[in-house]
Amino acid sequence: MQFHHHGYVTGDPLIHPAAGYGLERPDDLPDEVDVLIVGAGPAGVIAAAQLAQFPGLRVHLVERRPGRLEMGQADGVAARSVETFHAFGFSERVIAEAYRITEMAFWHPDPARPDHIVRGAVPPDDPYGLSEFPHLIVNQARVLDYFLEVAAHAPARLTPDYGIEFVSLTVTQDADYPVTVTVRHTTGEREGEQRTVRARYVIGCDGAHSAVRSAIGRTPVGDTSNHAWGVLDVLAVTDFPDVRTKCAIQSHDGGNILLIPREGGFLVRWYVDLGAVPDDDAGQVRATPVQAIIDRANAIIHPYTLDVRSVPWHSVYEVGHRVTDGFDDVPADRAGTQTPRVFLTGDACHTHSAKAGQGMNVSMQDGWNISWKLAHVLTGRAPEALLATYSAERHVVAQNLIDFDREWSRLMATPPEDLPDPAYLEDFYVKTSEFPFGFGTCYAPSLITATADHQDLATGFPIGRRFKSAPVVRVADANPVELGHHARADGRWRVYAFADAPAPADASALRDWARWLGTAADSPLLRHTPHGADPDAVIEVKVIYQQDHAHVETADVPAVFLPRVGPFGLIDYEKVYAADPQRDIFALRGIDSARGAVVVVRPDQYVAAVLPLTATGSLRDYFARVLLPQEAASR
Ligand SMILES: Cc1cc2nc3c(=O)[nH]c(=O)nc-3n(C[C@H](O)[C@H](O)[C@H](O)COP(=O)(O)OP(=O)(O)OC[C@H]3O[C@@H](n4cnc5c(N)ncnc54)[C@H](O)[C@@H]3O)c2cc1C
């Protein structure tokens with residue numbers, strides 16, 4: 001963590017000084033805002049936490065609930081989400097609080113006595129080492145708390161406007177505030193009062209029954225019928241031996257359970273499959289009594305028993321596999337020519353079963369994707385064309401999610417004797433683990449994702465996928481660190497320069513590249529950094545040398561990797577790294593050690609381009625497409 005460069009920080013460095021809108025944030029929702037976020041679920045709070053880093057923006061988050069979510073809803077936190085929490089600065093606290101999944105037990109009917117279940121395979125949860133971050137279980141309410149804390153401690157001091165619900169909106173030709181939103185107070189003295197708010201942009205994060213979605217005429221497409229689960233958070237006594245292990249349990253009569261041990265050591269969540277909901281059900285399934293769900297659970301786990309002592313939360317969760325036909329308000333025939341003004345995220349775009357634990361996770365990535373892009377456009381860093389990439393990118397992710405979840409749900413509900421072999425279910429789980437872990441996303445070439453012409457220079461950083469961290473040694477203080485963990489959710493781009501030659505003092509492609517980046521008129525660093533801002537305010541440049549850190553002399557490191565920052569012009573020493581001889585990043589990530597490589601990473605941690613050190617024109621052109629030129633910075 002870096003701080004003190006603006007002067008001595010006496011308190012918690014995670015609480016940033018208020019600035020801009022954070023100094024004058026009104027208690028009441030104002031008449032005009034830059035961004036109105038609707039709904040404080042996982043998608044809405046991450047968008048709030050990201051946008052709050054930009055104090056020049058007037059961003060408000062309206063939520064119909066009167067206050068914080070207290071319990072319930074999703075609980076599975078994929079490793080990609082923990083990685084994301086790290087970027088927002090709270091991964092360590094969640095890890096300390098959460099339950100950690102290390103393996104998953106598969107139970108199925110005993111072939112000798114089919115009405116008894118027996119344990120099958122117990123594969124490790126991350127057999128391929130997809131991430132250095134763990135797979136966690138923690139309540140959605142706590143995830144919301146952490147993001148809202150980040151938003152409240154950010155320069156814009158963003159806190160939700162609780163007790164206000166979205167009613168409708170219209171998109172007009174108004175040049176300043178094209179979206180007119182009608183909202184209504186849901187609590188307190190003003191309950192029932194309606195008013196309008198004008199916004200430049202609206203992000204609909206209002207869940208599966210999204211009113212924002214209806215207002216822009218988008219519709220969910222997919223299954224016509226729903227599937228229901230009884231979800232119980234219980235404190236119980238049981239002789240089921242794997243009650244503190246994540247389990248998929250299939251019984252002989254087709255009933256199945258997903259058992260999730262919860263944080264704190266005692267609480268356990270039971271997802272009990274209640275089957276397909278008939279078209280004429282008219283919501284009756286939601287009235288399923290708790291005792292009926294407990295009875296069903298007992299029948300499925302026979303011969304074991306579940307003696308429930310307390311049910312702190314339960315729900316009948318009814319959902320179909322659906323993807324909304326577009327994630328913004330631009331009709332398909334005008335995509336690319338009309339600027340989107342209203343965006344949909346999370347459950348407003350995609351609904352599916354709880355079995356792969358994806359609802360909260362994918363929703364957070366939606367919220368992060370659109371919010372950094374909106375911040376770029378609203379602060380004048382990027383052209384409006386950037387906004388069209390949101391729907392294009394996330395629609396594909398949503399469709400892949402639905403396809404994966406449909407197959408996983410089908411397999412879990414299939415009687416074992418109807419599967420191709422007894423280990424089919426657990427094999428599928430292991431083989432496809434990249435997807436539920438959140439690492440299946442691969443963005444196609446677009447305005448912001450380059451083609452893979454030079455992928456061979458860094459095969460371990462596939463373009464379009466999230467930047468997978470690796471260990472390195474920070475040269476200045478010989479600290480072993482993870483390269484990717486220094487990338488915070490501050491809206492900045494990262495450019496990693498992997499050196500081509502082991503001696504920094506020698507003539508090398510790296511040295512020429514660094515000189516160009518630091519001084520040339522067409523350098524993207526000079527072109528896209530606003531006047532007076534720190535040199536790394538928009539694009540943060542880091543170098544990774546091949547040799548041991550002891551053989552890197554700071555005096556020989558090009559100046560562009562040692563930028564002077566803050567009002568005192570202090571040198572930032574934390575952008576210079578060396579390979580760790582025990583776990584060499586060049587070998588781990590397939591970096592061409594003869595030619596080196598340049599790896600460009602987006603603010604949401606996805607690899608945007610891999611280029612040769614000699615391809616300065618390509619790097620210039622990449623950023624010229626994505627970012628707008630700024631007044632030349634003084635150095
Ligand atoms: C009862 C329930 C149980 C669930 N159980 C599971 C589970 O067990 N496992 C799982 O993986 N997923 C579960 N989910 C789904 C999971 O919680 C979602 O996938 C995830 O929360 C989606 O995040 P989101 O931000 O898109 O929407 P949500 O979390 O639904 O958040 C939407 C927010 O918008 C607010 N809102 C809605 N309409 C308006 C309006 N008009 N104006 C203002 N605010 C509005 C809501 O109050 C809510 O806070 C459950 C969802 C629900 C509702």
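Reader: Which polar side-chain atom lies 3.2 Å from an oxygen atom of the ligand, and what makes this a polar contact?

Author: In this predicted model, the side-chain atom belongs to Arg269. A polar contact requires a pair of N or O atoms within 3.5 Å, and the pair formed by Arg269 and the ligand oxygen lies at 3.2 Å, so the pair qualifies.

Reader: What makes the backbone of Ala43 and of Arg64 count as well?

Author: A polar backbone atom of Ala43 is 3.0 Å from an oxygen atom of the ligand, while a polar backbone atom of Arg64 is 3.2 Å from a ligand nitrogen; the cut-off is 3.5 Å, and therefore each pair is a polar contact. Taken alone, the ligand exposes 960 Å², of which the protein buries 87%.

Reader: How do you know which residues of the shell to call nonpolar, polar or charged?

Author: The residue type decides, with Asp, Glu, Lys and Arg counted as charged, and on that basis the shell divides into 13 nonpolar, nine polar and seven charged residues. Among the 29 residues around the ligand, those that come nearest include Glu63 and Asp347, which count as charged because of their type.

Reader: Why are strands S24 and S27 called a pair?

Author: Pairing needs at least two bridges, and S24 (residues 539-545) and S27 (residues 576-579) share three in the parallel sense, so they are paired. Ile544 stands opposite Tyr577 in S27.

Reader: What makes S22 and S29 the edge strands?

Author: In the open sheet of seven strands, ordered S22-S21-S27-S24-S23-S28-S29, S22 (479-482) and S29 (607-611) each pair on one side only.

Key: Residues numbered from 1 in each chain as written. Predicted model: local features only at pLDDT ≥ 70, side-chain atom pairs only at ≥ 80, totals over all residues. Heavy atoms only, no water. Helix = DSSP H or I, 4+ residues; strand = E, 2+ residues; numbered from the N terminus. Near = heavy atom within 4 Å. Polar contact = N/O pair within 3.5 Å; in protein donor to acceptor, adjacent residues only side chain to side chain. Areas by Shrake-Rupley, 256 points an atom, 1.4 Å probe, with all protein chains shown as cover.
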